[in-house]
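Trainee: I have a new model open and could use some company while I look through it. Could you walk me through it?
Mentor: Gladly, let us bring it up and take it piece by piece.

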Amino acid sequence: MTDIFDDIREDEAPGFPRVSLAIAGVVGLSSVVVIVVLLLMGVLPTSALLSIIVIELVFACVLAFVLLRSRPQIHKVRFTMATMMAFLLFVSNCAMVKVGVDYLRFSSNIQAPTTETVAYDIVALSSASLELSDLSGSFMAEVGSDPLGQAVRDEVVKLVEVDFTPSPTWVNMVEEVISGEIRSMVIQDALMQVLEDADEESYDKLVILATVDVDANWVAPPPAPPTQQPDQPYVVYISGIDTYGSISSRSRSDVNMLMVVNPESGQILLVNTPRDFYVQFRGTTGLRDKLTHAGVYGIGVSIGTMEDLYDIDIDYYLRLNFSSTITVVDALGGIDVDSAYAFSQNGYKFTVGMNHLDGEAALAFCRNRYSFSGGDRVRGENQQRVIVGIIHRLTDPSVLARYDRILSAVEGSVETSMPRSAISAQVKTQLSSGQDWDIETISVDGVGAMDYTYTYPGQRLYVMVPNQATVDTAKQKIRQTLGG
């Protein structure tokens with residue numbers, strides 16, 4: 001090493017050794033950073049990771065040696081070429097670091113929080129033409145038994161000074177405001193969604209003056225996931241909300257799907273449960289309710305209800321905003337969807353067989369339920385078909401070229417309880433094996449009826465009474481998939 005520096009000092013312009021050392025140092029440091037980031041990612045297969053690390057180290061050492069041996073006055077071409085190669089290596093290292101940082105940020109941002117955001121609306125009679133300031137000094141109705149009552153009151157009084165009066169149920173509050181007995185009420189936004197769905201006439205008589213957010217712990221905590229091995233089967237509950245709000249907001253769940261994954265056998269089973277399925281909520285007695293209403297009480301109640309219905313343990317949940325389908329599908333370059341029906345929606349025409357869909361078309365394909373006699377059951381099947389199309393694209397190596405667009409599209413639209421280590425294990429397995437997945441989709445079915453519900457007991461609503469034979473078939477399919 002002493003000989004190298006002695007050679008550098010001969011016949012060189014003063015200060016040049018510092019330039020060579022600086023360039024070599026930058027190359028070496030960038031290589032070290034790349035190695036650290038790759039190790040932190042933990043996504044690449046071991047063989048690929050070791051290969052990249054060896055190439056990085058060898059290339060960096062060779063370049064550093066050439067730079068330190070080059071003299072600009074005697075070996076101008078060698079020095080110029082070595083400098084250009086060092087610059088290219090530095091740029092490629094920066095690109096690899098960006099990939100790693102983007103993935104680490106993405107995997108952190110989609111991790112489910114320990115709380116849910118619960119939105120509450122300040123509501124008045126629309127015909128009264130009130131502004132929020134007009135409520136100052138008046139009484140505002142609230143549900144007396146709401147465990148978040150104090151937190152809600154604290155947020156409301158930041159906007160307007162009112163006195164609160166308790167009501168036994170949220171339905172009573174609605175009646176009191178419509179009848180003029182009380183000037184306003186503060187009510188969970190998800191219950192306003194229920195009211196709009198159940199009694200549109202009453203909903204249209206009301207106006208939302210403001211919305212406040214509070215944080216709530218899980219009503220029923222999701223089960224603690226086991227340590228996920230790459231080839232270990234698992235079950236994911238997919239909850240889809242059709243809103244533009246925060247993905248962590250408590251809301252009705254319009255999509256309720258189980259994704260049963262067996263990495264060893266390469267099987268994925270998607271089980272769709274219609275939103276109106278008439279089920280007993282976990283932790284309740286008496287009246288059953290529509291499955292979609294379980295989301296009003298938190299993702300934990302939805303998970304527990306699905307576990308009870310199918311007699312399984314759910315390992316993870318994935319909550320997504322179907323309104324973001326447009327961005328996700330476009331980031332993937334479109335998807336291919338096999339339609340069982342020919343129909344039109346929002347200006348798009350779908351044919352029987354394979355259809356290539358962009359984001360707007362995919363969202364339209366997901367939303368239609370009025371064109372089919374099967375109604376919501378067929379809509380659920382179409383949502384499954386879109387998910388299948390997305391899975392096929394995600395397992396296509398060509399999508400890696402658009403990784404940054406895909407990550408930015410999914411961020412803010414998805415959250416999951418699957419830990420980063422489990423996600424990394426699945427990505428690593430897919431990259432190393434290039435596995436083709438055998439995807440099967442099924443739906444449970446039932447008979448439409450009008451009945452009272454736990455959430456809205458005052459009148460009969462449309463529900464789907466389960467066909468137990470289809471539920472039993474789904475249970476059997478789940479067990480078969482988990483068993484390989």
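**The six-stranded sheet**

Mentor: A good place to begin in this predicted model is an open sheet of six strands, which follow the order 16-11-6-7-8-17 with mixed pairing.

Trainee: Which strands are at the edges?
Mentor: Strand 16 (414-416) and strand 17 (438-443) are the edge strands, since each of them pairs on one side only. From one strand to the next, the twist averages 20°.

Trainee: What packs on the sheet?
Mentor: Helix 9 (residues 299-310) does, touching strand 6 (234-241), strand 7 (255-262), strand 8 (267-272) and strand 11, and its direction makes about 130° with that of strand 6. Helix 12 (residues 376-394) packs on the sheet as well, where it touches strand 6, strand 7, strand 8 and strand 17, with its direction at about 155° to that of strand 8.

Trainee: And how does strand 11 pair with strand 16?
Mentor: Strand 11 (residues 316-321) and strand 16 pair in the antiparallel sense over three bridges, and Leu318 has Thr416 in strand 16 as its bridge partner.

Trainee: Let's go to strand 6. Which sense does its pairing with strand 7 take, and over how many bridges?
Mentor: Strand 6 pairs with strand 7 in the antiparallel sense, over seven bridges, and within that pairing Ile238 stands opposite Met257 in strand 7. Strand 6 and strand 11, on the other hand, run parallel and are joined by six bridges, with Ser239 standing opposite Arg319 in strand 11.

Trainee: What actually holds strands together, in general?
Mentor: Strands of a sheet pair through backbone hydrogen bonds, and they can do so either parallel or antiparallel.

Trainee: Back to strand 6: how many of its residues are buried?
Mentor: Eight of the eight residues of strand 6 are buried, so the strand is largely enclosed by the rest of the structure. Its two faces are both covered, with Tyr234, Val236, Ile238 and Gly240 buried on one side and Val235, Tyr237, Ser239 and Ile241 buried on the other.

Trainee: New topic, salt bridges. How many are there?
Mentor: A search of the whole structure finds 15 salt bridges. One of them brings us back to strand 11, where the side chain of Arg319 meets that of Glu116 at 3.2 Å, N to O. That pair links distant parts of the chain, with Glu116 in strand 1 (residues 115-125) and Arg319 in strand 11, 203 residues apart.

Trainee: Are those two buried or exposed?
Mentor: Glu116 is buried, because its relative accessible area is 0% and buried means under 20%. Arg319, at 3% relative accessibility, counts as buried too.

Trainee: Which residue does Arg275 form a salt bridge with?
Mentor: Arg275 forms a salt bridge with Asp254, and the closest N and O atoms are 3.1 Å apart. Arg275 sits in the loop between strand 8 and strand 9 (278-279), while Asp254 is in the loop between strand 6 and strand 7, so to speak of sequence, they are 21 residues apart. Arg275 and Asp254 are both buried, and they belong to a network of salt bridges that also links Asp197, Arg252, Asp276 and Lys290.Trainee: What about the edge strand 17, which residue there meets Lys477?
Mentor: The side chain of Glu440 meets that of Lys477 in a salt bridge, at 2.8 Å, N to O. Lys477 lies in helix 15 (residues 468-483) and Glu440 in strand 17, so the pair ties together parts that are 37 residues apart in sequence. Lys477 counts as partly exposed at 26% relative accessibility, and Glu440 is partly exposed with a relative accessible area of 32%.

Trainee: Now the outside. Which residues make the nonpolar surface patch?
Mentor: Val26, Phe87, Leu88, Phe90 and Val91 make a nonpolar surface patch of about 450 Å². Helix 4 (residues 76-109) gives the most to that patch, with four residues, and Leu88 has its place in helix 4. Leu88 is exposed, because its relative accessible area is 56% and exposed means over 50%.

Trainee: Last one, the overall picture: how many helices and strands does the protein have?
Mentor: The protein has 15 helices and 19 strands, and of its 484 residues, 49% count as buried. Its accessible surface comes to about 22,300 Å², of which 56% belongs to carbon and sulfur atoms. Among contacts between residues at least 6 apart in sequence, 72% join residues at least 24 apart.

Note on methods. Residues are numbered from 1 along each chain as its sequence is written. This is a predicted model: local features need pLDDT of at least 70, side-chain atom pairs count only at pLDDT 80 or more; totals for chains, interfaces and linings use all residues. Side-chain values use heavy atoms; hydrogens and water are left out. Patches are made of residues with over 30% relative accessible area and no salt bridge: like charges are joined within 9 Å, nonpolar side chains (Val, Leu, Ile, Met, Phe, Trp, Tyr) within 5 Å. Accessible areas come from the Shrake-Rupley method with a 1.4 Å probe; for residues, only the protein chains shown count as cover. A salt bridge is a side-chain nitrogen of Lys or Arg within 4 Å of a carboxyl oxygen of Asp or Glu. Buried means under 20% relative accessible area, exposed over 50%, partly exposed in between (1.4 Å probe, protein chains only). Two strands pair if DSSP finds at least two bridges between them. Axes are lines fitted to C-alpha atoms, for helices over the stretch in contact, and angles run from 0 to 180 degrees between N-to-C directions. Contact means heavy atoms within 4.5 Å.
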